[in-house]
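Trainee: I should like to learn how to read the features of a model of this kind. Might we take them one at a time, with the general idea before the particular case?

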Amino acid sequence: MLLIHSPPPPKFRSDPPGTGAQMKPSAPGRPWGLARVLLLLLAALHAAAAQKNGINIYSLSVDSKVSSRFAHTVVTSRVVNRASVMQEATFQVELPKRAFITNFSMVIGGVTYPGNIKEKAAAQEQYSAAVARGESAGLVKASGRKTEQFQVSVSVAPAAKVTFELVYEELLKRYLGAYELLLKVQPQQLVKHLQMDIHIFEPQGISFLETESTFMTNELADALTVSQNKTKAHIQFKPTLSQQMSPGQQDTVLDGNFIVRYDVHRTVSGGSIQIESGYFVHHFAPEGLPTIPKNVIFVIDKSGSMRGRKIEQTQEALIKILDDLSPHDQFNLVSFSGEAAQWKPLLVPASAENVNQARSYAASIQTQGGTNINDAMLLAVQLLDSANQKELLPEGSVSLIILLTDGDPTVGETNPARIQKNVKEAIDGQYSLFCLGFGFDVSLAFLEKLALDNGGLTRRIYEDSDSTLQLQDFYQEVANPLLTAVTFEYPSNAVEEVSRDNFRLLFKGSEIVVAGKLRDQSPDVLSAKVRGQLHMQNITFQTESSVAEQENEFQNPKYIFHSFMERLWAYLTIQQLLEQMISASDAEKQALETRALSLSLHYSFVTPLTSMVVTKPEGKEWSEVAEKPVETKNKHKNFYLGKGLIPSKAGPGDSWLTQGLRPQPHEVAATQTLSWALRDTIPGQLGTPKKYIPEANPGPSDFQVVHSRFRTAGDRRSRITAGPSRKTPSDLGRARPQGPLSPPHPYPLMAGKSLLPDMLLAPSILDEVFLGVDLRAEDAPQARVPAVASDPVTRRIWERKASGSSTDLSQSAKTASPPGQLPASLRPGPLLVLVSQPALPTLGTTAAVPAAIQAPAVILMLPRQSVDRLCVDIKHSQGPMNLLSDPDQGVEVTAQYETEKARFSWIEVTFKNPQLQVRAIPEHVVVTRNRRNFAYKWKETLFSVIPGVKLTMDKAGLLLFSSPDRVTIGLLPWDGPGEGLRLLLRDTHRFSSRVGGTLGQFYQDVLWGPPAAADDSKRLLRVQGLEYSATRLLKLDYQEGSPGTEISCWSVEL
């Protein structure tokens, strides 16, 4: 939820973000000193501008009431203009995509300006007027995978106050065994009175409740309170100003998601009927049912557009999915590009042998050619038909087709309507089709109709590092069918009308919801029957509910909002009508649309059929229109666009396509800039400029900072470009052989101009030394630079002695820096403009480079032993290692260690209670709970409270799993010397006597021998009958993050 804010000014830092450090003054006479002064002046001007914009949020509240899974959320923000001139206040809220806005209002000077919901045609006049003013009239746009953004701006007079209020509603959907309420918190400034309340009431009883936040810190955790009884829960977040404040700064730390997940108690009957004000809702998700065997055909797009990471992630996911098949299942694979081909002539059982063969086939898929969706789908249906005719499909089994494609059809039959018709006729209601659209070059509307026509559903797979997990999670949704042909029956003398009451499939972890309206003279007891088919038999569930008792349940206004059950029925009915319209005939579609529109207007829902007209104080001609975003039909479907927005190839969430199509404030601005383009490079000399061609001056507002990170000799590179937003040659020279970089021409800073060539730097140069300016963007990652003859993290130069000790030569290195170069300790950040070439060794000579102090693979803290810590290096490893396991603690840690790279390729932590698995790889962390995967990138803050364990991650990337009675386990992406994943263990005195494993053995009785007489830096230790030689060495302690602390440690090699 992004709330009232003023556009933030650009920020400049000379130290890593979050340190709070100030820019160090430059030495007199240095060429880069002038640039620092100019940047400081520029920053001061922006700071002054920010002070003049006096829009201040003095109160912000979020109140969300969840009753029987139906959430009613009210966001209220109160602002005041403390400036002496009129200012513009912008109100932004990010809400879930499945939610419907129901009300919006502004109160200015005691006058209320409401939002009025109308049919789209009736709102056309206001819409056209907004377009004529050059504005995008849509106040709502897609902003991420799960959210849409509502935004409205209004001019505020000096000392005037404005109250904004937005109301939206949604029915929480059960997904892999849990409901999820998502709130976005981004006030962008400190707020004196900030409070968030979430009230949950579930008559079935709350079985578990957990919270997760991407902005919570240990200090903010004190502002979070969670109370819960059998049927009710209250989550309150009320931080003080000091708790909201970033360490050492005046900024707010509140920026991210707040998520509540929960589930309810269930019985074998699986039914719960709740009644309020003449309406009822029936939730159905029975427990304890056996899984029905399935026959599944995976249809995989291998066209040329899938080349690269897409096909790699698809292969990774498919291999994992194949491993999850039940031995009772049957399967086959179809791959297609211009032509379609099956893996086997018939479906085969999911035996270990067949799965292994399929894994090999999946790993060998090569991409090429066009996209022939029609033939691939018909081949998949033919395989199932053939097996059915030969009676090879088990009786009572479920047949599924899962299609994955990243583009529109280009070969064979390319007309989407004819493909949909062909597939529907071929399937003929016998099988269910599920479609996965990979990326934004595929028409989701085409796939959605294809799936809904055949009893399935569609998902978009977002191109990201977690695409593999998205594919796996989707499969988990449909992996365990429990019932087929599910129908709901209610007495005609009791129920007047109901929402959809028949469903093709029920999957484990999901839930079917039916809502309806009771007759005026209905019986005192409402009964319902649910019929369905198990694997080998029919089954009927019967549920009864007392109308009077249920009415009394919903009387607490603290947890209930007015007529919520009626609104739940209307919401569910509208959603189902909109879905039915996709696959309906033209004649049916008109009737469905008419009813959906009528309900939308009656209950004031902003749906794809309605618009909300927001009238501003300036007069009716300044009305704006809020519409529900829908999937665009143009080729590049990167936005859910409201009418009037310009189609774009930009990705979802790009912020410049907003009202007026104005660019957002840039991170860096200059009075006058000159754009440079790297036109060519000298072969064999990476990044060496051959010719720079100045381009037309793009204007001061188009100055842009672009980060491009890629690995070269283990370090990170960054670049800057000056010029308008456009595609830049970020990968120039990437594949070229490494070579020396010729000294660039000196590009001095001129009055009023900043000549900033786009440069890619060779790995041999000291890329934090430059003659230009330090334009570090606020959130730029700290680069780790391999320094010649120095430790790149501690920035010390060491002379290794025969005894094993080292002498710090840093001071002499600092005082002896060559002219024009910064000492190592004063080097600025990673964004580079002009580079000073260090002296290179003469050809034929070898420069002596002392070895840098390394961090060990693992540091073990050993309480109650004569040696308090032990450094462990792994020199011999084959396959996964059991690092430690403790059955009493209910924890196990396994890992894969690459000896040739001296690092862990993955570390996995498994908890038995709660059942939780965490897998860390260098790119991200994956938390698996209840068959659901959650991916988190390193150094993104996380605070998750699960019953039995707390997960936290700070901005340094330290991920901790803690519990009052357990050993604390930590994982860290160490980027210092000996980079790679690292394991941390705290509170190790809590290990039981049964702890074991490669590392766990050292928490048993360890016997240390005395130091050797000839060399007191060596000694022996014995544990569980094994003997190890230990040597005292200098190591880097990684446990507090980079750059690490130098320690003297007894070290062993395993």
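Trainee: In what order do the strands of the open sheet that contains β24 stand, and what is the sense of their pairing?

Mentor: In general, strands of a sheet pair through backbone hydrogen bonds, either parallel or antiparallel. Here two strands count as paired if DSSP finds at least two bridges between them. Helices (H or I, at least four residues) and strands (E, at least two) are DSSP runs, numbered from the N terminus. In this predicted model, the order of the four-stranded open sheet is β26-β24-β28-β29, and the pairing is antiparallel. At its edges are β26 (502–507) and β29 (538–546), each of which pairs on one side only. From one strand to the next, the twist averages 30 degrees.

Trainee: On what conventions do these descriptions rest?

Mentor: The model is predicted, so local features need pLDDT of at least 70 and side-chain atom pairs count only at pLDDT 80 or more, whereas totals for chains, interfaces and linings use all residues. Residues are numbered from 1 along each chain as its sequence is written, and side-chain values use heavy atoms, with hydrogens and water left out.

Trainee: Over how many bridges do β24 and β28 pair?

Mentor: Strand β24 (residues 481–489) and strand β28 (residues 525–533) pair over 4 bridges, in the antiparallel sense. At one of these positions, E489 has K529 of β28 as its bridge partner.

Trainee: Which strands stand at the edges of the sheet β15-β16-β27-β25?

Mentor: This is an open sheet of 4 strands in that order, with antiparallel pairing. β15 (271–276) and β25 (495–498) stand at its edges with a single partner strand each, so one side of each has no neighbour in the sheet. Neighbouring strands are turned by 25 degrees against each other on average, direction ignored. Within the sheet, β15 pairs with strand β16 (residues 279–284) over 6 antiparallel bridges, and the bridge partner of Q274 in β16 is V281.

Trainee: Which helix lies across these strands?

Mentor: Helix α12 (residues 564–583) lies across β15, β16, β25 and β27 (512–518), running at about 120 degrees to β27. Axes are lines fitted to C-alpha atoms, for helices over the stretch in contact, and angles run from 0 to 180 degrees between N-to-C directions. Contact means heavy atoms within 4.5 Å.

Trainee: How should I read the packing of two helices, and at what angle do α5 and α10 cross?

Mentor: An α-helix has 3.6 residues a turn, so residues three or four places apart point the same way. The axes of α5 (residues 309–323) and α10 (residues 467–478) come within 8 Å and cross at roughly 35 degrees. The contact draws on Q313, T314, E316, A317, K320 and I321 of α5, and on S467, T468, L471, Q472 and Y475 of α10.

Trainee: Is α10 enclosed or open to its surroundings?

Mentor: A residue is buried under 20% relative accessible area, exposed over 50%, and partly exposed in between (1.4 Å probe, protein chains only). Because 12 of the 12 residues of α10 are buried, this helix is largely enclosed by the rest of the structure. Among the buried residues are L469, F474 and V478.

Trainee: How many residues of β2 are buried?

Mentor: Strand β2 (residues 70–81) has 11 of its 12 residues buried and is mostly covered. It pairs in the antiparallel sense with strand β1 (residues 55–67) over 12 bridges, and I55 has N81 of β2 as its bridge partner. The hairpin of β1 and β2 has 2 residues between the strands, and S68 there takes a positive phi near 50 degrees. β2 also pairs with strand β8 (residues 161–171), over 11 antiparallel bridges, where V79 stands opposite V162 of β8.

Trainee: Is I907 buried or exposed?

Mentor: I907, in strand β48 (residues 903–911), is buried, with a relative accessible area of 0%. Leaving aside neighbours within four places in sequence, its contacts include V893, A895, V918, L971 and L983. I907 and L883 are 24 residues apart in sequence and 9.3 Å apart in space, C-alpha to C-alpha.

Trainee: Where does Q1001 lie?

Mentor: Q1001 lies in the loop between β56 (980–986) and β57 (1006–1008). At 7% relative accessibility, Q1001 counts as buried.
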